[in-house]
Each structure stands twice: as structure tokens, then as C-alpha cells.
Amino acid sequence: VFVRLMQEYRLRELFKPSMAELGLCIYQFEYMLQEQLPDLNTHFRSQSFHTSMYASSWFLTLFLTTFPLPVATRVFDIFMYEGLEIVFRVGLALLQVNQAELMQLDMEGMSQYFQRVIPHQFDSCPDKLVLKAYQVKYNPKKMKRLEKEYAAMKSKEMEEQIEIKASCERLPRLTPR
């Protein structure tokens, strides 16, 4: 099970020092947010409330540190069967359910809302969250395309960094007199 989680479910990639897989997940999640909840996405941007501020822990802990145990284990069970797709679905479902309230809050208010309100909304019925999650549109082909797009973007960034480093090395060295 551990080997499968690390290799097939990409968990190993999430925890490598570069955290490149987490960057990919955030990139894909932002795309889904922009596509499915454009008003909320605009509000988050206007408040400088970055996706990584609330969603990183969702991907890194699979909601195990977000929700009380009965809800978290329900999500984790689905993750064990289906993989990371459930994290995207649950995350977007949470944002859909809470969109009206979040739109009224500033950055500080949203941070507190994510910590205090969202974790306990489905305490009495974890299956309600699962049903909401499966209503979220998820397109595996689009996610694959985004993965390729992200890889190309990161590759270009890496090339630019190498180019900058090389040009810095070609500069004459100034030595103190």
C-alpha cells in the first residue's frame, strides 16, 4: 500500500524538496477555481489570498488535518481508491458551498473562516460532502493538458535561471582594492 501511495498516487513527488508536484496541484486547482468559480477567484485575487495559503495542506495531508476524523477518513478512503482527484473535488466543493460567505470577507476573515468554519460543516454527515464533491466537474484530459503546460512552464523557468547564472558568471569580477 505504501509503495502504491508513493509511486502511483504521486505522494512521493508531493514531498520531494522542490515540492514540484504540489506546485502542479496548486496550478491545476487554480485553473479549476478560475473556470468553475470565477467570481470567487477574482475576490481571492483582489484580497491577495493565494491558493497555496489554504489548499497546500489539503494536498499534503489529504484533508486529514483539516477535518475531524470521521470526515477525514471518509475522504481518505476515497483517495485510497481513486487517488488525488478527490482532493480537487472536495476542495472545489468546499469553495462552492462557502462562496457567498467568502465573498464577503477580507483576507484575514477568509483565513479564519478556513480554520474555524469550513472544517466542521460536514461533521454530522460526511456523505453530504462526498455527494457535493462528485457534483464538481473534473476533466482528466484537461488535467493532463495542464500538467504538460505546467511542465513546459517550469522547464522554461529553469532554462532562464541557467541563462541568468551563466551570464552572471561571464561578468568581470570586481575585486576590492
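**From a buried cysteine to the aromatic core**

With a relative accessibility of 0%, Cys-25 counts as buried. The model in which this residue is seen is a predicted one. Cys-125, by contrast, has a relative accessible area of 30% and is partly exposed. A disulfide is a covalent bond between the sulfur atoms of two cysteines. Under the criterion that the sulfur atoms lie within 2.5 Å, the structure contains 0 disulfides.

The overall architecture provides the setting for these residues. The protein has 10 helices and 0 strands, and its pattern along the sequence is accordingly α-α-α-α-α-α-α-α-α-α. The C-alpha trace spans about 70 × 40 × 30 Å along its principal axes. Of the 177 residues, 37% count as buried. The accessible surface amounts to about 11100 Å², and carbon and sulfur atoms contribute 55% of that area. Where contacts join residues at least 6 apart in sequence, 75% of them connect residues at least 24 apart.

Two annotations from UniProt, both from an unreviewed entry, can be placed on this helical chain. The record assigns the feature "domain: Rab-GAP TBC" to residues 1–83. Across that range the chain is 73% helix and 0% strand, with 12 Å between the end C-alpha atoms. The record also places a "transmembrane region" at residues 53–72. In the model, residues 53–72 are 65% helix and 0% strand, and their end C-alpha atoms are 20 Å apart.

Helix α5 (residues 51–61) is a useful place from which to enter the interior. Its buried residues are Thr-51, Tyr-54, Ala-55, Ser-56, Trp-58 and Phe-59. These pack against α2 (11–14), α3 (20–36), α4 (38–46), α7 and α8 (107–116). What relates Tyr-54 and Trp-58 within this helix? They are 4 residues apart, so about one helical turn separates them. An α-helix has 3.6 residues a turn, so residues three or four places apart point the same way. Tyr-54 is buried at a relative accessible area of 4%, and Trp-58 is buried at 3%.

The aromatic rings continue this picture. The structure holds 18 aromatic pairs. In one of them, the ring centres of Tyr-54 and Trp-58 are 5.4 Å apart and the planes stand at 65 degrees, so the arrangement is edge-to-face. Ring pairs also connect Tyr-54 and Trp-58 into a cluster with Phe-29, Phe-44, Phe-49, Phe-59, Phe-63, Phe-67, Phe-88, Phe-114 and Tyr-138.

Several of these aromatic residues also belong to the largest nonpolar core. In soluble globular proteins, nonpolar side chains tend to be buried together. The core in question comprises 51 residues, and the members touching the most others are Phe-44, Tyr-54, Trp-58, Phe-59 and Leu-95. Helix α7 (residues 85–102) supplies the largest share of this core, with 9 residues. Which residues does Phe-59 contact beyond its neighbours within four places in sequence? They are Leu-14, Leu-22, Cys-25, Ile-26, Phe-29, Leu-84, Val-87 and Phe-88. The list returns the reader to Cys-25, the buried cysteine, now as a contact of Phe-59.

The exit from α5 has a backbone feature of its own. Most residues other than glycine have a negative phi, and most peptide bonds are trans. Leu-62, which follows α5, has a positive phi of about 55 degrees although it is not a glycine. Phe-63 likewise has a positive phi, near 70 degrees. Leu-62 lies in the loop between α5 and α6 (69–82), and Phe-63 is found in that loop as well. Are these loop residues buried or exposed? Leu-62 counts as buried at 5% relative accessibility, and Phe-63 counts as buried at 0%. Phe-63 is, in addition, one of the members of the aromatic cluster.

A final view of the interior comes from helix α8, in which Met-110 lies. Met-110 is buried, with a relative accessible area of 0%. Not counting residues up to four places away in sequence, Met-110 touches His-43, Phe-44, Gln-47, Phe-49, Leu-102 and Leu-105. Among these, Phe-44 and Phe-49 belong to the aromatic cluster. Ile-164, which is 54 residues from Met-110 along the chain, has its C-alpha atom 38 Å from that of Met-110.

Key:
Residues numbered from 1 in each chain as written. Predicted model: local features only at pLDDT ≥ 70, side-chain atom pairs only at ≥ 80, totals over all residues. Heavy atoms only, no water. UniProt positions renumbered as here; feature names shortened; annotations may be inferred. Phe/Tyr/Trp six-rings, centres within 6.5 Å; stacked < 30°, edge-to-face > 60°. Buried < 20%, exposed > 50% of the residue type's maximum accessible area, 1.4 Å probe, protein only. Core = buried A, V, L, I, M, F, W, Y, C linked by side-chain atoms within 4.5 Å. Contact = heavy atoms within 4.5 Å. Areas by Shrake-Rupley, 256 points an atom, 1.4 Å probe, with all protein chains shown as cover.
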